[in-house]
Amino acid sequence: MSFKKFNFHGKILAGVEALGYTEPTPIQMQSIPPILAGNDVMGLAQTGTGKTAAFVLPLLQRLMQGPRRKIRALIIAPTRELTEQTHKVIGQLGRRTGLRSLSVYGGVSMRPQITSLNRGVDIVSACPGRLLDHIQRKTIDVSRIDVLVLDEADHMFDMGFLPDIKKIISYLPSQRQTLLFSATMPKDIKALADKVLTDPVRVQIDHTAPVASVAHAFYPVETDRKTDLLKNILDNNETGPVLVFTRTKMRAKRVAQQLDRFGYDATALHGNLSQNNRQKALDGFGCGRYKILVATDVAARGIDIHRVSHVINYDMPDTVDAYTHRIGRTGRASETGDAFTFVTGSDTGPASSIKRVLGKRVKHCVMEGFACSSSAGERQMRKKRRNGQRDNARTGPKPTFRSKPKGRLSSKRAQRHAV
Ligand code: AMP
């Protein structure tokens, strides 16, 4: 099926062609018709499925008619990066439409935002805090909003933005189209959806399982050997751009510095960086100056980085959804990718949840010298050492097969086990 079927304005189709999209993704096929028909939509879709274009395209179509330079579409998202990303996609898809888009978030001066708002814009992508600030100072006019998009609603909730969002909505016209996208539907988001959506059309893509084109592997490791394991993987694996996730800002910084010392072009992306430095890190990674980006979840949320070949979870994500979000950076829009997750003895809880969702798709890889899939495994190893047995580094579940090595990584040093 081609995009022509949606009867988009020629100027919008030109944007689609310029980006090289030939066929709509499943979320686009499901969402675009009801959005074009003016329905409210509740989209259960993870990042990496093409959900941004799924709402941006029909939104541009709607804005082709009617007054210009009045804010008629408002997109609210949890992070600056995602806001910037959406603004960029609007710019790309809408570049022939003459519609003006602006991104609005905190951590930077208000003045240039106010200047742009005064000049007149059609679409605003915003983070809740700064948007509310503008509304309360009356530096933004949201009285003519036709379409409201709440993107990554579950993360906005996780980040404590729900009260701000409710306040923002109270300033908007009640006659409007509302679209809500979320990777998961916890009960608070369901309650919000019930409140803000009128008779919504529900679209759902792939529940919370990560996209199918990603290969998943768990690597048992002791906590203090993680950087060695990371280096080992990078040394022995042919990779494209690699995204490494850590739990804390400090660790992101430290791991990036260590990799840099090992001779890798690595940089860090975390919340302690100024907006300018975050953008520099993202741009540097995007253009290939850095081959490895070490990031925290919040900093990397929703960002669209093309052609990430490997996502490496240096620290185990807390939930399946966090895993899904991280892994959403690779295997995007039908490319393939690898996801490696380091598992220490204290990670068995989240590791089993992820395994429950992915089933046999997760391979359990033990790199010789980097053992221990569980504290029980660690105890067993210590006992073996005490008994003077040779440590052959194979612990954890009994291996059911040994596959032929994949690429350079799975040389003799790596053994793969089904979990
Ligand atoms: P998103 O889920 O919106 O972050 O999109 C993920 C990636 O898919 C982005 O790199 C988009 O440019 C890309 N994408 C979106 N729609 C399509 C499409 N119809 N065909 C190919 N790539 C797409």
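These legends accompany close-up views of a predicted model.

**View 1. The open sheet and its strand order.** Seven strands are the theme here: the sheet of 7 strands runs E3-E4-E2-E5-E6-E1-E7, with parallel pairing. Strand E3 (101–104) and strand E7 (201–204) are the edge strands, each pairing on one side only. From one strand to the next, the twist averages 15 degrees.

**View 2. Strands E3 and E4 with helix H4.** Let us move in on one end of the order. E3 pairs with strand E4 (residues 123–126) in the parallel sense, over 4 bridges. Look for Leu102, which stands opposite Val124 in E4. Helix H4 (residues 80–93) packs on the sheet and touches strand E2 (73–76), E3 and E4. The direction of H4 makes about 175 degrees with that of E3.

**View 3. An aromatic cluster of Phe3, Phe6, Phe8 and Tyr21.** The model has 6 aromatic pairs. In one of them, the ring centres of Phe6 and Phe8 are 5.5 Å apart and the planes lie at 50 degrees, so this pair counts as tilted. Phe6 and Phe8 are both buried.

**View 4. Phe55 and Phe181, a tilted aromatic pair.** Here the rings are 5.4 Å apart, centre to centre, with 40 degrees between the planes. The pair links distant parts of the chain, as Phe55 belongs to helix H3 (residues 51–63) and Phe181 to strand E6 (residues 177–182), 126 residues apart. Phe55 counts as buried because its relative accessibility is 0%. Phe181 is also buried, with a relative accessible area of 0%.

**View 5. Lys231 over the ring of Phe262.** To finish, a charge and a ring: the charged end of Lys231 sits 5.3 Å from the centre of the Phe262 ring.

Terms used:
Residues are numbered from 1 along each chain as its sequence is written. This is a predicted model: local features need pLDDT of at least 70, side-chain atom pairs count only at pLDDT 80 or more; totals for chains, interfaces and linings use all residues. Side-chain values use heavy atoms; hydrogens and water are left out. Two strands pair if DSSP finds at least two bridges between them. Helices (H or I, at least four residues) and strands (E, at least two) are DSSP runs, numbered from the N terminus. Axes are lines fitted to C-alpha atoms, for helices over the stretch in contact, and angles run from 0 to 180 degrees between N-to-C directions. Contact means heavy atoms within 4.5 Å. Rings of Phe, Tyr and Trp (its six-membered ring) pair if their centres lie within 6.5 Å; planes under 30 degrees apart count as stacked, over 60 as edge-to-face and the rest as tilted. Buried means under 20% relative accessible area, exposed over 50%, partly exposed in between (1.4 Å probe, protein chains only). A charge sits over a ring if NZ of Lys or CZ of Arg is within 6 Å of the ring centre and within 35 degrees of the ring normal.
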